[in-house]
Amino acid sequence: MKTYDLIIIGGGPAGLSAGIYAGRAMLDTLLIEQAQDGGQILQTAEIENYPGSELEESGATLIDRMSSQVKKFGIEQVYDTVTEVSLEGKVKTVVGSRDRYQAKTVIIAGGATAKPIGCKGEDDFIGRGISHCGTCDGPFFRGLDVYVVGGGDAALEEAMYLTKFAKQVTVLHRRRILRAAKSIQEKAFQTDKLKFMYHTVIKEVKGDGILESMVLENVKDGTVTEIKADPNDGTFGIFVFIGYSPATGLYQGKLNLNDKGYIITDEDMKTNIDGVFAAGDIREKSLRQVVTAAADGAIAAVQAGKYIEETEETA
């Protein structure tokens with residue numbers, strides 16, 4: 001079986017960035033992606049905050065250019081679902097549903113998936129009214145009504161941030177007691193243009209191409225209400241912050257994870273196993289954006305190259 005210098009698991013911004021840097025460093029690299037390059041960013045209709053983004057940039061167009069760069073540097077790529085990994089020792093083994101692969105180093109860049117609302121019609125409006133990133137999409141809802149789903153730290157912090165753009169921000173929470181830290185709650189309660197609806201869940205979202213209405217249910221008394229977009233606006237925004245699920249099931253018991261399941265790394269993307277790195281949304285970090293994922297991938301690839309050089313020098 002061929003032994004690569006590097007295997008990258010995941011073809012999102014972190015994995016593609018790692019591929020670009022690995023290719024430029026002449027590392028014999030294999031990139032494994034389960035389905036389609038891009039990951040979550042493919043759901044984003046417009047991108048304004050990635051440096052160098054073109055006019056009318058979308059997640060798909062940005063990823064297309066990243067993928068082309070990876071191919072330019074001769075990175076080998078396969079589409080396979082990773083089912084098992086053996087990361088200890090000098091040679092790492094990655095098992096997919098189609099084949100087995102080996103490498104001296106591995107970069108794990110499988111990402112994380114935002115937890116869905118779970119309401120009817122949700123999938124039709126991801127990137128068309130429903131977002132999971134206030135920093136990414138907040139400016140697109142300037143002057144519109146915005147609803148934030150969640151009651152934790154992230155939900156309230158993003159809700160306060162969104163008041164910079166929105167006409168009105170309303171936090172929808174299924175309980176009466178918020179989960180956010182008291183200090184964050186106090187700040188939120190004092191924020192202009194921010195209000196709260198408790199005991200409330202979204203049952204359905206509707207619209208013709210864009211989000212135009214939503215059906216809410218009061219879980220305490222069963223009352224159902226339909227909220228429609230202001231006729232002068234035509235649409236509104238829903239931002240969902242009820243957590244993420246990192247794709248780390250394969251690594252439990254093998255890598256150090258935090259209490260939320262994210263891979264713990266140092267600033268060089270190193271995990272607790274020599275020669276194994278993690279990059280992007282799958283690792284513990286404070287900001288999950290395309291630009292930070294790309295930076296993680298670059299660092300991880302450079303460190304993988306250094307690890308190979310150091311181990312070969314001492315062999």
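**Notebook: sheets, helix contacts and a salt bridge**

I began at the end of strand 13, where I found that Glu 217 stands opposite Val 224 in strand 14. I note here that I am working from a predicted model, so every entry below describes that model.

**Entry on the antiparallel sheet.** Following that pair outward, I saw that strand 13 (residues 213-218) and strand 14 pair in the antiparallel sense over five bridges. Five residues lie between the two strands of this hairpin, and among them I looked up Gly 222, which takes a positive phi near 80°. On to strand 12: six bridges join strand 12 to strand 13, again running antiparallel, and within this pairing I located Glu 204 opposite Val 215 of strand 13. Taken together, the three strands form an open sheet in the order 12-13-14, with antiparallel pairing. Which strands stand at the edges? They are strand 12 and strand 14, each of which has a single partner strand, so one side of each is left without a neighbour in the sheet. The twist from one strand to the next averages 25°.

**Entry on a salt bridge.** I then turned to the charged pairs, of which the structure holds eleven that count as salt bridges. The one I followed up joins Glu 226 to Lys 206, whose closest N and O atoms are 3.6 Å apart. Because Glu 226 lies in strand 14 (residues 224-228) and Lys 206 in strand 12 (residues 200-206), the pair ties together parts that are 20 residues apart in sequence.

**Entry on the parallel sheet.** Next I traced the other sheet, in which five strands with parallel pairing form an open arrangement in the order 8-15-9-10-11. Its edge strands are strand 8 (130-131) and strand 11 (194-197), each pairing on one side only. I checked the pairing of strand 10 (residues 168-172) with strand 11, which is parallel and runs over four bridges; there the bridge partner of Val 171 is Phe 196 of strand 11. Helix 4 (residues 153-162) packs on this sheet, where I found it touching strand 9 (145-149), strand 10, strand 11 and strand 15 (237-240). The direction of helix 4 makes about 170° with that of strand 9.

**Entry on helix 4 and helix 5.** Staying with helix 4, I looked up its packing against helix 5 (residues 182-189), and recorded an angle of about 30° with the axes 10 Å apart. That angle makes helix 4 roughly parallel to helix 5, and the crossing is left-handed. Which residues make the contact? Asp 153, Leu 156, Glu 157 and Met 160 do so from helix 4, and Ile 184, Gln 185, Lys 187 and Ala 188 from helix 5. I sorted these contact residues into four nonpolar, one polar and three charged.

**Entry on helix 1 and helix 2.** Last, I went back towards the start of the chain, where helix 1 (residues 13-24) packs with helix 2 (residues 59-72) at an angle of about 30°, their axes being 8 Å apart. The two helices are therefore roughly parallel to each other, and I noted their crossing as left-handed. Helix 1 brings Pro 13, Leu 16 and Ile 20 to the contact, while helix 2 brings Ile 63, Met 66, Ser 67, Gln 69 and Val 70. By class, the residues of this contact divide into six nonpolar and two polar, with no charged residue.

Methods: Residues numbered from 1 in each chain as written. Predicted model: local features only at pLDDT ≥ 70, side-chain atom pairs only at ≥ 80, totals over all residues. Heavy atoms only, no water. Axes fitted to C-alpha atoms, helices over the stretch in contact; angles between N-to-C directions. Parallel < 35°, antiparallel > 145°, perpendicular 65-115°, else oblique. Left-handed = near helix turned anticlockwise from the far one by under 90°. Contact = heavy atoms within 4.5 Å. Nonpolar A, V, L, I, M, F, W, Y, C, P; charged D, E, K, R; others polar. Pairing = 2+ DSSP bridges. Salt bridge = Lys/Arg side-chain N within 4 Å of Asp/Glu carboxyl O.
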